[in-house]
Amino acid sequence: MEINIQKRVLEANETQAQKNRNFFKDQNVFVINMMSSPGSGKTQTLCRTLEKLMPAIRTGVIVGDICTTNDADRLAVTGVKVTQINTDQFGGDCHLSANLIFDAAKKLGCDDLDLLIVENIGNLVCPAEFDIGEDVRVVVLSVTEGEDKPLKYPLMFRVADAAILNKIDLLPYLDFDAPLAVDNMKKVHSRLPVFEISAKTQEGFEPWIEWIKLKVFEKTGR
Amino acid sequence: MHEMGIAQQLIEIAMDSIPKEMVNPKVEKLNLRIGKLSAIVEHSLTFCFEILSKDTPLENARLDIEFVPVTVRCDSCKHEWEVTGPEFGCPHCADGNVKMLTGREIEITSLELAD
């Protein structure tokens, strides 16, 4: 006997993501989901970004890792409101799911925020699959990785709304071909805005900061 | 890497679909549709499913997966085609702002019970 089902397997996550989206709309907060491979400099990029956005843009951060609160500790130095999710309590998951974000956002409190940034778990595969109710997705790639990463992980670059190419201060010492890396991103996603920055020297930050400010204003009017 | 969670969801959905009045139901096959762009590795999903389905009506059930091709439509020239590699640029026009049509499905379509 065959029983017809026709159900999306990630429906539970999608339903929760929509609930999150409604919650963030009620709170009038813009939400960025930041994703990358491990070691691309997400946390350092965030620290520099927060210094430039705050206090004009009231920002909070949810940071996800399998273990440790190291990233939350580094971010807290900037004075940002931050909460850490460790997924080892939930089976060492490789991504943040919508229900974890909902609980963390409630714990953090969003009523005094204009912007909430979620630093996802370092992984170019799984986080791309899970909607968390964000407004935009940003993927960070660094010049110490391969130029062909966008071609190897097309889903991540397809679902992204913007990309950052980080650590450009290292370009003189590497064989990394930055135009080729950007070209590969555009092959996967032709209209992807790409910000070439160095979180260490803070080169190239202005267009990235302006992009965030515009996006926050478009949603919140602030 | 998240196939364990997917397998868990599969089992939950399948269990909910089995009529409650059935005595000792035994599922022989689960039919799935998985988009080629979704981040699912087949042997990893099968492995996780085998572990999690032990001592349930789904133990020894086979996962029959229909892989859905990645198809897209160009917003500029409306050309539709199947993408077979990581490049999504429109072969017809230089602009190529494309919209995904299929290829990201992770769906359970039906289950087959032993008579």
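Which strands, and in what order, make up the open sheet of four strands with mixed pairing? The order is β1(A)-β6(B)-β1(B)-β2(B). The model behind this answer is predicted.

## The sheet shared by the two chains

The edge strands of this open sheet are β1 of chain A and β2 (62-68) of chain B. Each of these edge strands pairs on one side only. From one strand to the next, the twist averages 15 degrees.

Take the pairings in turn. β1 of chain A covers residues 2-8 and runs antiparallel to β6(B), joined by five bridges. One residue pair on this seam is A:Arg8 with B:Glu107, its bridge partner in β6(B). At the other end of the order, β1 of chain B (residues 27-35) meets β2(B). Those two strands run parallel and share seven bridges. There, B:Leu32 has B:Ile65 of β2(B) as its bridge partner.

A helix adds to the picture. α1(B) lies across three strands: β1 of chain A, and β1 and β6 of chain B. Its angle to β6(B) is about 45 degrees.

## The contact between A and B

How many residues does each chain bring to the contact? Chain A brings 27 residues and chain B brings 26. On the chain B side, the elements giving two or more residues are α1 (3-17) and β6 (106-113). β6(B) gives the most, with eight residues.

The chemistry of that side can be split by class. The part of chain B that touches chain A has 12 nonpolar, 10 polar and four charged residues.

## Chain A: overall form

Chain A holds eight helices and eight strands. Its C-alpha atoms fill a box of roughly 60 × 50 × 35 Å along the principal axes. Why does the radius of gyration of chain A agree with that of a compact globule? A compact globule of 222 residues would have a radius near 17 Å, and chain A has 17 Å, so the two agree.

Buried residues account for 48% of the 222 in chain A. Sequence separation is also telling for the contacts. Of those in chain A between residues at least 6 apart in sequence, 75% join residues at least 24 apart.

## Chain A: a covered strand and the core

Strand β2 of chain A (residues 30-36) is mostly covered, with seven of its seven residues buried. Which residues line its two faces? A:Phe30, A:Ile32, A:Met34 and A:Ser36 sit on one side, and A:Val31, A:Asn33 and A:Met35 on the other. All of them are buried, which leaves both faces covered.

β2(A) also has parallel partners. Five bridges tie β2(A) to β5 of chain A (residues 115-119), running parallel. In that pairing, A:Val31 stands opposite A:Leu116. Another five bridges tie β2(A) to β6 of chain A (residues 136-142), again parallel. Here A:Met35 has A:Val139 of β6(A) as its bridge partner.

The largest nonpolar core has 92 residues. Those with the most contacts inside this core are A:Leu116, A:Val118 and A:Ala163. Leaving aside residues up to four places away in sequence, A:Val118 touches several residues of β2(A), among them A:Val31, A:Ile32, A:Asn33 and A:Met34. Its other contacts include A:Ile62, A:Leu96, A:Ile101, A:Ile132 and A:Glu134.

## A closer look at A:Leu100

A:Leu100 belongs to helix α4 of chain A (residues 98-108). Is this residue buried or exposed? A:Leu100 counts as buried because 21 C-beta neighbours lie inside 10 Å. A:Asp112 follows 12 residues apart along the chain, and the two C-alpha atoms are separated by 20 Å.

## Chain B: overall form

Chain B has two helices and six strands. Along the sequence, the pattern is α-β-α-β-β-β-β-β. The C-alpha trace spans about 60 × 25 × 15 Å along its principal axes.

What radius of gyration does chain B have? The value is 18 Å, but a compact globule of 115 residues would be near 13 Å. Of the 115 residues in chain B, 32% are buried. Among chain B contacts between residues at least 6 apart in sequence, 72% join residues at least 24 apart.

Note on methods: Residues numbered from 1 in each chain as written. Chains lettered and ligands numbered in written order. Predicted model: local features only at pLDDT ≥ 70, side-chain atom pairs only at ≥ 80, totals over all residues. Contact = placed C-beta atoms within 7 Å. Nonpolar A, V, L, I, M, F, W, Y, C, P; charged D, E, K, R; others polar. Pairing = 2+ DSSP bridges. Buried ≥ 20, exposed ≤ 12 C-beta atoms within 10 Å, placed from the backbone. Axes fitted to C-alpha atoms, helices over the stretch in contact; angles between N-to-C directions. Rg over C-alpha atoms; globule rule 2.2 N^0.38 Å. Core = buried A, V, L, I, M, F, W, Y, C linked by C-beta atoms within 7 Å.
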